[in-house]
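Please open the model in your viewer and keep the sequence panel beside it. The tour below goes from one selection to the next and says what is found at each stop.

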Amino acid sequence: MIRVLVADDEPLIRAGIRTVLESAPDITVLAEAENGRTAVAEAVRHCVDVALIDLKMPVLDGLGAIEELRRQAPELRVVVLTSFGAEPNVLHALQHRAAGFVLKNCTPDELVRAVRAAYVGDAWLSPAVTRLVLAMVTPVTARRRQDAGERLRALTSREREVVGLVAEGLPNAEIGRRLHMSETTIKTYVSRILTKLDCANRVQAALLVRDTEGR
């Protein structure tokens with residue numbers, strides 16, 4: 001059973017997320033929190049596997065909570081709750097190695113899949129969130145383009161093909177269909193690509209691809 005904490009300062013949103021997640025047979029919501037400080041305390045107290053955390057919360061914001069959880073519960077996986085255009089701190093959350101990002105208006109199925117992906121050590125980034133993050137990045141400099149190109153040249157031709165589709169925001173299942181491979185094989189490719197590129201998650205890899213394109 002995947003043990004989850006939901007942290008958001010809006011009770012209605014927490015209730016909705018709890019209802020969606022507990023409709024899945026393998027997920028249970030053990031705790032809720034209305035601010036970042038409570039989120040850290042409850043996550044540690046209940047030994048949760050995955051924490052769903054809103055970035056905008058009182059007392060201690062989501063970024064502060066993520067950083068604190070990295071120190072107190074390094075094995076815990078964090079999935080960030082965000083909104084279109086409302087979270088310039090998404091990029092900072094990437095640097096803190098959040099395991100996934102979901103929009104608050106995502107589908108119930110996407111929310112469940114994000115939690116499951118985080119639990120098994122995969123990074124969940126919906127196409128919409130990937131596009132949101134890419135749109136927030138400033139134009140690339142010539143030096144950044146050169147550095148990104150050098151890092152990507154360490155990949156095989158197949159790995160570059162896979163990471164190109166990752167940069168389009170496609171999930172593993174869709175990449176597998178495009179390349180006529182199983183989803184499990186694509187997960188293996190993505191994991192190897194992230195290691196080679198020294199990227200914490202799929203968005204960081206997507207940003208490297210974007211840098212090589214000079215956008």
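In this tour a residue is called buried when its relative accessible area is under 20%, exposed when that area is over 50%, and partly exposed in between. Cys 199, which has a relative accessible area of 9%, is therefore buried. Please keep in mind throughout that this is a predicted model.

**The whole chain**

Begin with the whole chain in a cartoon view, where you can follow 11 helices and 6 strands. If you colour the 215 residues by accessibility, 51% of them come out as buried. Among contacts between residues at least 6 apart in sequence, 68% join residues at least 24 apart, and two of the stops below show pairs of residues that are distant along the chain.

**Val 20**

Select Val 20, which has its place in helix α1, a helix that covers residues 11-21. Then add Thr 107, which is 87 residues away in sequence, although the two C-alpha atoms are 9.5 Å apart in space. Beyond the residues up to four places away in sequence, Val 20 touches Pro 108, Leu 111 and Val 112, so showing these side chains will complete the view of its contacts.

**Asp 54**

Move next to strand β3, residues 50-54, where Asp 54 is found. The UniProt record, an unreviewed entry, places the feature "modified residue: 4-aspartylphosphate" at this residue. Is Asp 54 buried or exposed? Its relative accessibility is 2%, and because this is under 20%, Asp 54 counts as buried.

**Cys 47 and the search for disulfides**

Go back along the chain to the loop between α2 (36-46) and β3, where you will find Cys 47. Most residues other than glycine have a negative phi. Cys 47, which is not a glycine, has a positive phi of about 55°. With a relative accessible area of 48%, Cys 47 lies between the two cut-offs and is therefore partly exposed. A search of the whole structure for disulfides finds 0.

**Glu 159**

Now select Glu 159 in helix α8, a residue that is buried because its relative accessible area is 2%. Its C-alpha atom is separated by 8.5 Å from that of Arg 192, which is 33 residues apart from it along the chain. If you leave aside the neighbours within four places in sequence, Glu 159 is in contact with Tyr 189, Arg 192, Ile 193 and Lys 196.

**The cavity**

Which residues line the largest cavity? Select Val 163, Val 166, Val 190, Ile 193, Leu 194, Arg 202 and Ala 205 to display the lining. By the rule used here, the count comes to 1 cavity of 30 Å³ or more, and the volume of the largest cavity is about 30 Å³. The helices α8 (157-167), α10 (183-197) and α11 (202-212) each supply at least two residues of this lining, with α10 giving the most, 3 residues. By residue type, the lining divides into 6 nonpolar, no polar and 1 charged.

**Asp 198**

Finish in the loop between α10 and α11, where Asp 198 lies. Asp 198 has a positive phi of about 55° although it is not a glycine. With a relative accessible area of 59%, which is over 50%, Asp 198 is therefore exposed.

Methods. Residues numbered from 1 in each chain as written. Predicted model: local features only at pLDDT ≥ 70, side-chain atom pairs only at ≥ 80, totals over all residues. Heavy atoms only, no water. Helix = DSSP H or I, 4+ residues; strand = E, 2+ residues; numbered from the N terminus. Contact = heavy atoms within 4.5 Å. Disulfide = S-S within 2.5 Å. Buried < 20%, exposed > 50% of the residue type's maximum accessible area, 1.4 Å probe, protein only. UniProt positions renumbered as here; feature names shortened; annotations may be inferred. 1 Å grid on protein atoms, 1.4 Å probe; cavity = no way out; pocket = protein on both sides within 12 Å on 5 of 7 lines; lining within 4 Å. Points joined across faces, edges and corners; volume = space filled by probe spheres on them. Nonpolar A, V, L, I, M, F, W, Y, C, P; charged D, E, K, R; others polar.
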